[in-house]
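Reader: I am new to reading protein models, and I would like to learn how the words used for them are justified. Could we go through one together?

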Amino acid sequence: MGPVKVELSVDQEQKPGRFEVLAALRQAAGADGGAATGGGSLVLPSGQRIPLSDTPVTVGRLSECTVPLNDQNVSRRHAEIRPNRQHYVVVDLGSTNGTMVNGTRIHGETALSDGDIISFGSTYVRFEAS
């Protein structure tokens, strides 16, 4: 994660008492997009962090999964997060409802970048490169 930058500006066109918030995420300078050797983590909706290492992480409804999700739209063994040579990748394991990264359904394996949002069924998880 890089430094946070906040800009405030007055919009004379806005009605009194109204405001607008614009946000953007940008990769910090020098970030490598989640190299497997540098680690990373998954941030669950509860805020819990699941550290990633050289071992694949399974996601699904089964209690045996590394990340068990109580979501009826998630398959029993839905997906895996695996280390690759330079990045972590997410792989859909033939789930019924599919896996999406930043709103796009994946096919095969997809490399993850810092800040990517992965959806398994109705559950959204954020990938953070360490």
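Author: What follows is a set of questions and answers on this model, which is predicted.

Reader: What makes β1 and β2 a pair of strands?

Author: Two strands pair if at least two bridges are found between them; strand β1 (residues 40–43) and β2 are joined in the antiparallel sense over four bridges, so they meet that condition. One place to look is S41, which stands opposite P51 in β2.

Reader: How do you know that β1 also pairs with β11?

Author: The reasoning is alike, because at least two bridges are required and four bridges join β1 to strand β11 (residues 123–129), with the two running antiparallel. In β11, R126 is the bridge partner of V43.

Reader: Why is β2 called an edge strand?

Author: The open sheet of six strands has the order β2-β1-β11-β10-β7-β8, with antiparallel pairing. Its edge strands are β2 and β8 (104–105), each of which pairs on one side only.

Reader: Which residues of β2 are called buried, and what does that word require?

Author: Buried means under 20% relative accessible area, and along strand β2 (residues 49–52) I50 and L52, which point to one face, are buried, whereas R49 and P51, which point to the other, are not. In a regular strand the side chains alternate between the two faces of the sheet.

Reader: What share of the protein chain is buried?

Author: By that same cut-off of under 20%, buried residues make up 35% of the 130 residues in the protein chain.

Reader: How many helices and strands does the protein chain have?

Author: The protein chain has zero helices and 11 strands.

Definitions and conventions:
Residues numbered from 1 in each chain as written. Predicted model: local features only at pLDDT ≥ 70, side-chain atom pairs only at ≥ 80, totals over all residues. Heavy atoms only, no water. Buried < 20%, exposed > 50% of the residue type's maximum accessible area, 1.4 Å probe, protein only.
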